Amino acid sequence: MTHDLVIRSADVVTASGTAHCDIGVKDGKIATLGTGLAAREVIDATGLVALPGGIDSHVHISQPSGPGIEMADDFTTGTRAAACGGNTTVLPFCLPEDGETLRDAVTAYRGKAEGNCLTDVAFHLIVKETDAVTLGQDLPALIEAGYTSFKVFMTYQGLALSDRQILEVMSVAKAHGAMVMVHAENEDAIEFLRDRAERDGQISPYHHATTRPVPVEREATHRAISLAEIAGVPLTIVHVSNGEATEEIMRARQRGLTVFAETCPQYITLTADDLDRDGFDGAKYVCSPPPRTRDEWDNIWRGIEQGVFDLFSSDHCPFRFVDTAGKDAPGARKSFRNIPNGIPGVETRLPILFSEGVVKGRLSLERFAALTATNHARLYGLYPTKGAITVGADADIALWNPKLTKPIRQADLHHGTDYTPWEGFHVTGWPVRTILRGVTTMLDGAPVGAPGGQILHREAPDVLR
């Protein structure tokens with residue numbers, strides 16, 4: 001066979017291990033894994049590691065963010081940054097505007113993405129209403145159309161659902177074969193602590209962290225799991241930040257429940273003290289759940305190493321810092337509660353985990369691939385087309401230089417915001433080429449070519465098939 005592309009002499013990471021071989025690509029698919037392959041185009045990958053293209057299943061792009069607040073990334077900049085970070089697929093969230101139906105929101109969101117993406121994309125849905133149209137018509141139709149996962153919130157005014165509402169959403173997921181994702185924080189407890197902090201004059205960015213303490217997340221995690229047990233559905237707990245919430249997930253699994261867990265780079269590299277920086281700089285680190293303590297890094301690593309965590313995502317949620325439509329929103333300097341929640345991270349997710357995990361001996365290459373690509377594809381209905389270097393899969397591949405060492409710098413990144421929380425953080429191991437269905441989209445840290453990403457149709461998650 002003559003291939004369109006051969007990636008020669010890489011250390012190729014597959015589900016069964018790592019092999020030194022060539023990858024032959026034909027018509028955008030992986031056609032052959034072997035040696036001595038011929039092609040019109042050959043990439044010499046000597047000394048490089050070939051990993052499945054990253055799948056970041058938790059990103060926020062072009063999402064409504066409240067009156068006067070604007071997210072820093074649209075699909076052009078968000079997927080550009082993703083590709084430059086070694087990713088080939090991202091899954092952002094479709095959030096209806098007030099008064100907009102979920103189906104209308106999906107139509108509008110697709111319009112923002114079409115023709116503008118350097119990676120493939122697939123959408124999660126955010127369910128913030130539980131009226132008869134949403135539950136009885138829109139959700140079943142959208143699941144049938146390939147939108148097989150949706151997120152519910154237990155916090156944020158205007159988004160938080162009651163326990164009864166969450167059960168109603170879970171009931172639809174059970175009936176139609178979809179995965180429910182939960183942002184687990186107790187809104188009533190947070191509002192109680194916020195009001196008390198403001199009365200006491202504790203209004204700086206640091207108090208975003210003190211008013212969202214570990215028990216707020218632990219309790220909501222336990223409650224979300226209990227609701228899923230009552231409804232009889234699998235569940236994914238997103239962006240877990242601490243050991244106590246991790247233990248709730250472990251206990252649920254010991255009881256025989258199907259609970260998946262996700263964590264993020266901020267919970268192994270940042271702390272609440274980052275929110276206590278001079279002046280307003282702490283606002284750069286405001287996200288929910290907030291970064292915790294160095295002790296919690298160890299707890300999260302223990303969960304990663306013991307297999308509690310299935311997914312490592314970025315929760316990329318970018319706002320510009322020097323911008324009144326971003327972090328410096330009206331009232332943000334008067335109270336932490338007015339600072340938009342979220343930090344950028346889609347471009348730095350993979351290098352941080354590779355450096356902190358693989359290079360430091362905490363993760364094998366195979367486990368890295370599972371946490372950053374394969375499990376995402378399996379859990380969200382994209383496997384085996386996505387998430388693995390295997391014959392028949394899309395030729396979505398990231399080539400890594402495992403010895404390249406350099407600091408993360410905003411000047412080198414490609415997202416739409418004006419800062420990175422990891423400025424100066426030294427990383428060993430960087431993707432140097434990203435390939436989407438056989439076409440290079442990033443080379444040596446710079447985007448290449450025109451947007452060629454597709455909007456993907458997803459099946460039901462593996463666990464529900």
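In this predicted model, the side chains of His 376 and Ser 57 are joined by a polar contact of 2.7 Å. The His 376 side chain also reaches the backbone oxygen of Leu 371, at 2.6 Å. His 376 sits in helix 12, which spans residues 365-379. The residue counts as buried because its relative accessibility is 0%, against a cut-off of under 20%. Beyond four places in sequence, His 376 touches Ile 55, Ser 57, Leu 311, Phe 312, Ser 313, Arg 349, Ala 370 and Leu 371.

The largest nonpolar core holds 74 residues. Those with the most contacts inside this core are Leu 125, Phe 150, Met 170, Val 182 and Leu 235. Helix 7 (residues 214-231) supplies the largest share, six residues. Apart from this core lies another, of 22 residues. Among its members are Ala 197, Ala 272, Ile 343 and Tyr 419. In soluble globular proteins, nonpolar side chains tend to be buried together. Met 170 touches Val 180, Ala 224, Leu 227, Ala 228, Ala 231, Val 233 and Leu 235, with residues up to four places away in sequence not counted.

Two cavities of 30 Å³ or more were found in a search of the whole structure. The largest has a volume of about 50 Å³. Its lining includes Ile 55, Thr 88, Lys 386 and Asp 394. By class, three lining residues are nonpolar, five polar and three charged. Ile 55 thus recurs: this residue lines the largest cavity and touches His 376.

The second largest cavity has a volume of about 40 Å³. Residues lining this cavity include His 316, Pro 344, Glu 347 and Thr 420. Its lining has three nonpolar, five polar and one charged residues.

Terms used. Residues numbered from 1 in each chain as written. Predicted model: local features only at pLDDT ≥ 70, side-chain atom pairs only at ≥ 80, totals over all residues. Heavy atoms only, no water. Helix = DSSP H or I, 4+ residues; strand = E, 2+ residues; numbered from the N terminus. Buried < 20%, exposed > 50% of the residue type's maximum accessible area, 1.4 Å probe, protein only. Polar contact = N/O pair within 3.5 Å; in protein donor to acceptor, adjacent residues only side chain to side chain. Contact = heavy atoms within 4.5 Å. Core = buried A, V, L, I, M, F, W, Y, C linked by side-chain atoms within 4.5 Å. 1 Å grid on protein atoms, 1.4 Å probe; cavity = no way out; pocket = protein on both sides within 12 Å on 5 of 7 lines; lining within 4 Å. Points joined across faces, edges and corners; volume = space filled by probe spheres on them. Nonpolar A, V, L, I, M, F, W, Y, C, P; charged D, E, K, R; others polar.
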